[in-house]
Each structure stands twice: as C-alpha cells, then as structure tokens.
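New to this one? Here's a quick tour to read with the structure open beside you.

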Amino acid sequence: MPSKVFINLPVKDLGRSQAFFTNLGFLFNPQFSDDKAGCMVVTDSIFVMLLTESYFKTFIDTGLCDANLQTEVLIALDVNSVDEVKEFVSKAQSLGGRIYAEPKDHGFMYQHSFADLDGHKWELVYMDMNQFGQS
C-alpha cells in the first residue's frame with residue numbers, strides 16, 4: 001500500500017507561491033526543491049509539490065487547467081480546532097489568498113475555504129467525531 005501522498009500543483013511564480021505557503025507556516029524540503037519545484041511538507045507523509053507551469057507540463061499529456069476559472073481538485077486539511085481553521089484562513093486571505101466560500105458549521109465539522117495565489121482551492125476542516133451523528 002502507498003505510504004506517502006504527493007500532491008502536484010502548477011504555479012505561475014514559484015518563489016511567490018513558496019513565500020505564501022511559508023508565511024502560512026509550512027516548511028519546504030530543500031532536498032527536493034530547486035528553481036522548478038518546491039517540496040512543501042504538510043506532514044511526514046503528505047507533501048505538496050509546487051511546480052512551475054513549464055515543469056508541470058513535462059508530466060502530463062493535456063493542457064493545464066486555469067484554477068481561477070475551473071476547479072480540478074479541492075485539497076482539504078484537517079486541523080486541531082475551529083480557532084485554527086479561522087486563523088489559518090484569515091492568514092491566507094491576508095497573504096493574498098481569496099475566500100471563495102462562507103464557513104460552514106455542520107455540528108461535528110467546521111470548515112472554511114480559500115484559493116491560493118494560483119487559484120487552487122484549499123479547505124481547512126476541524127472534525128469533532130464525538131459530535132458525529134448528533135444533531
């Protein structure tokens with residue numbers, strides 16, 4: 001079975017994207033980063049590869065999706081509290097991210113979303129499984 005997840009995203013300006021995510025608190029593994037790619041560490045088994053658009057194209061046989069116009073993927077990250085969801089999304093917005101949906105409280109799950117500098121959609125979620133099924 002697979003043991004790691006690598007999410008590959010095309011970006012227009014690698015340096016600007018790395019600065020955005022660094023300011024959100026992510027680290028980059030320099031061993032797998034260069035002028036074409038930045039390896040963003042989410043956890044010890046989840047990574048986001050930010051790839052320049054030209055480099056990303058070397059891995060695919062189709063055109064690129066403009067994430068500002070269409071959505072191909074929604075990346076959801078679980079965090080430890082509702083406050084962490086709110087703080088993370090607020091910070092993303094202050095760094096140039098765009099809020100594209102209102103926060104939702106489902107009782108057991110609180111979620112809020114933003115689009116990064118290239119339009120890729122991210123959702124921050126806090127789930128309290130003790131509340132699951134209780135309405």
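What follows is a short walk through one sheet, two pockets and two buried residues.

Keep in mind that this is a predicted model. The tour starts with an open sheet of four strands, then moves to the largest pocket, at about 240 Å³, and the second largest, at about 180 Å³. Leu124 is worth watching along the way, since this residue sits in strand S8 and also turns up in the lining of the second largest pocket.

**The sheet**

- Going across the open sheet, the four strands run in the order S5-S8-S7-S6, and their pairing is mixed.
- Strand S5 (74-78) and strand S6 (98-105) are the edge strands; each has a single partner strand, so one side of each has no neighbour in the sheet.
- On average, neighbouring strands here are turned by 15° against each other, direction ignored.
- Helix H3 (residues 82-94) packs on this sheet and touches S6, S7 and strand S8 (121-127).
- The direction of H3 makes about 10° with that of S7.
- As general background, strands in a sheet pair through backbone hydrogen bonds, in either a parallel or an antiparallel way.

**The S6-S7 hairpin**

- S6 and strand S7 (residues 109-115) pair in the antiparallel sense, with four bridges between them.
- These two strands make a hairpin, with three residues between them.
- Gly107 sits in the turn of that hairpin and has a positive phi of about 85°.
- Want two spots to look for? Asp105 stands opposite Tyr110 in S7, and Ala101 has Ser113 in S7 as its bridge partner.

**The largest pocket**

- This pocket has a volume of about 240 Å³, and 17 residues line it.
- Pro10, Phe56, Cys65, Glu72 and His120 are the lining residues nearest its centre.
- Strand S1 (residues 5-11) gives the largest share of the lining, three residues.
- By type, the lining splits into eight nonpolar, seven polar and two charged residues.

**The second largest pocket**

- Here the volume is about 180 Å³.
- Among the lining residues are Phe26, Val42, Thr43, Ile46, Glu84, Phe88 and Leu124.
- S5 and H3 each supply at least two residues of this lining, and S5 gives the most, with three.
- That ties the pocket back to the sheet: S5 is one of its edge strands, and H3 packs on the sheet.
- This lining divides into eight nonpolar, one polar and two charged residues.

**Two residues to zoom in on**

- Leu124, in strand S8, has a relative accessibility of 1% and therefore counts as buried, the cut-off being under 20%.
- Leaving out residues up to four places away in sequence, Leu124 touches Leu77, Val79, Val85, Phe88, Val89, Tyr110, Gln111, His112 and Phe114.
- Leu124 and Ser113 are 11 residues apart along the chain, and their C-alpha atoms are separated by 6.1 Å.
- That same Ser113 is the bridge partner of Ala101.
- Thr52 lies in strand S4 (residues 46-52).
- Is Thr52 buried or exposed? At 14% relative accessibility, Thr52 counts as buried.
- Not counting residues up to four places away in sequence, Thr52 touches Val11, Leu14, Asp35 and Lys36.

How values were computed:
Residues are numbered from 1 along each chain as its sequence is written. This is a predicted model: local features need pLDDT of at least 70, side-chain atom pairs count only at pLDDT 80 or more; totals for chains, interfaces and linings use all residues. Side-chain values use heavy atoms; hydrogens and water are left out. Two strands pair if DSSP finds at least two bridges between them. Axes are lines fitted to C-alpha atoms, for helices over the stretch in contact, and angles run from 0 to 180 degrees between N-to-C directions. Contact means heavy atoms within 4.5 Å. On a 1 Å grid over the protein atoms alone, a cavity is a set of points where a 1.4 Å probe fits but cannot get out, and a pocket is an open set with protein on both sides within 12 Å along at least five of seven lines; lining residues have an atom within 4 Å of a point. Grid points are joined across faces, edges and corners, and a volume is the space filled by probe spheres set on the points. Ala, Val, Leu, Ile, Met, Phe, Trp, Tyr, Cys and Pro count as nonpolar, Asp, Glu, Lys and Arg as charged, and the others, Gly among them, as polar. Buried means under 20% relative accessible area, exposed over 50%, partly exposed in between (1.4 Å probe, protein chains only).
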